[in-house]
Amino acid sequence: MKRPSRRLIVGRSNPLHGVCDVPGDKSISHRVALFGAMASGVTEARNFLMAEDCLSLLAAVEALGCRVEHVGSDVRIDSDGVGAWHEPAHVLDCGNSGTAMRLLLGCLAGRPFSATLDGDASLRTRPMGRVVGPLRLMGAEVEGTGDKCVPPITITGGGLRGLTYDLPVASAQVKSALLLAGLQADGTTVIHQPSLSRDHTERLLPAFGARLNIEGLTVSIDGPQNLCPASISVPGDFSSAAYFLAAAALVPSSEVLVENVGLNHTRSGLLEILEDMGADVRVSRTVSAGGEPRGDVTILSGPLRATEVSGEIIPRAIDELPLLAVLATQAHGETVLRDAAELRVKESDRLEAMAAGLSALGAKIRVLDDGWVVSGPTPLHGATLHAGLDHRVAMTLAVAGLLADGETIIDGAQAVATSFPGFAAVLSSLGAQVTMQ
Ligand code: S3P
């Protein structure tokens, strides 16, 4: 999908104040759509994320034979079960979404027909070998493009057997793809993780009637198993809330409350990082629904100190690490990020993208192979930047723009529609000077 160019224009911010909520969690919405499409019957989701990434996945499951309806953010997926999926009449366009492509590949590995999956210029650079390799070991025929095994990818599935596999990186997308293939395989699929990545698949599959075993960092599933439909309420996306939490921590005299946000421990590493940096973070009204904790988060601005971030927290904060670089520009001392080479293979190379964007604003940031060193505090000045096909880079640079003198312009801001079309409206409702043009 080619969208018209947009730009975010951000001014130096007055204090941010107010209460907001954020749209449904992207990772959970993807999984509800896919598990619902694999189940036999009608699955209903409330607060589903109506953004481009999840819409790409809904279009793909329709092309495979499911019926999808939605009213606002209430979605209904009606399927005759994964066994009734048929060969798609066209290429499945996953847009910008690595999650849609990798999880779909796991499902399609069990289907006895061929499908080709493709995506935008960003997705066409992303490594698919990490999922293609183990799916081949399970018995699927999968061909990617070029030495790096990037999209377009053609898969012909069926006749899978269980696999015992050591994940070389802590990736929830690969883990989930293998579990979805394992659901359709003969025998047991056992996945050993090097450290814990987001566990939405493990929490949500039982709601669709699947049985799996979790022991420490090992997840196993016996196949074949059929899924039954479910009714799921999706919590607000922690990754979307993170922009407002970081902004309120950074802009002097701010206080912001984000309501009904997912607080799964495998996602909320940024809260621990903020606390380490001295931010005043308060979590309240926590409840658990459908196996996923959610609650309200209040944050107040205050002086920040530098920190070191590495090791097991990295996968639990992976999509929020770009915000760490912005926080570090205003923290006292040298903030060091390590063990985060995965940032190089996201929607863009986020280590380079954040270093380029923040340096242009005047920050002191040095890129390492697997992280950054950022010295602070540093005054920032407005500049014209580019989002480079990456929604999180666009929104993170907008947060940096709130701290900069003058005007910050972010070209390529149409990318925010990937995960958070209403981003600018929510930020301006808290008092920021931000417009999308
Ligand atoms: C996701 C997993 C993470 C994350 C991505 C969404 C998911 O990627 O960065 O935005 O929904 O499973 P990896 O699995 O590649 O770490």
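1. Let's start with the salt bridges in this predicted model. Three of them are counted between domain 1 and domain 2. In one salt bridge of the model, Glu347 is paired with Arg126, and their closest N and O atoms lie 3.8 Å apart.

2. Polar contacts also cross the interface: 14 residue pairs of this kind are found between domain 1 and domain 2, with both residues at pLDDT 80 or more. On the domain 1 side, the elements giving two or more residues are β17 (292-300), α9 (313-316) and α12 (391-401). The residues on that side of domain 1 divide into 10 nonpolar, 10 polar and nine charged.

3. It helps to see where the two domains run along the chain. Domain 1 is assigned 7-24 + 235-436, and domain 2 is assigned 26-219. Taken over C-alpha atoms, their centres are 28 Å apart.

4. How is the size of an interface often given? The usual choice is the accessible area lost when the parts come together. Here the area buried between domain 1 and domain 2 is about 2,300 Å², with 47% of it from carbon and sulfur atoms. In terms of residues, 29 from domain 1 are in contact with 25 from domain 2.

5. Now have a look at helix α11 (residues 350-360). Which residues of α11 are buried? They are Arg350, Leu351, Met354, Ala355, Gly357 and Leu358. The elements they pack against include α10 (321-329), β19 (333-337) and α12.

6. Both ends of α11 are worth a visit. At its start, a side-chain oxygen of Asp349 comes to within 3.1 Å of the backbone nitrogen of Leu351. Just after the helix, Gly362 has a positive phi of about 105°.

How values were computed. Residues are numbered from 1 along each chain as its sequence is written. This is a predicted model: local features need pLDDT of at least 70, side-chain atom pairs count only at pLDDT 80 or more; totals for chains, interfaces and linings use all residues. Side-chain values use heavy atoms; hydrogens and water are left out. Domain bounds come from an automatic or database domain assignment. Contact means heavy atoms within 4.5 Å. Buried area is the accessible area (1.4 Å probe) that two parts lose on being put together, summed over both. A salt bridge is a side-chain nitrogen of Lys or Arg within 4 Å of a carboxyl oxygen of Asp or Glu. A polar contact is a pair of N or O atoms within 3.5 Å; within protein, one must be able to donate a hydrogen and the other to accept it, and residues adjacent in sequence count only if both atoms are side-chain atoms. Helices (H or I, at least four residues) and strands (E, at least two) are DSSP runs, numbered from the N terminus. Ala, Val, Leu, Ile, Met, Phe, Trp, Tyr, Cys and Pro count as nonpolar, Asp, Glu, Lys and Arg as charged, and the others, Gly among them, as polar. Buried means under 20% relative accessible area, exposed over 50%, partly exposed in between (1.4 Å probe, protein chains only).
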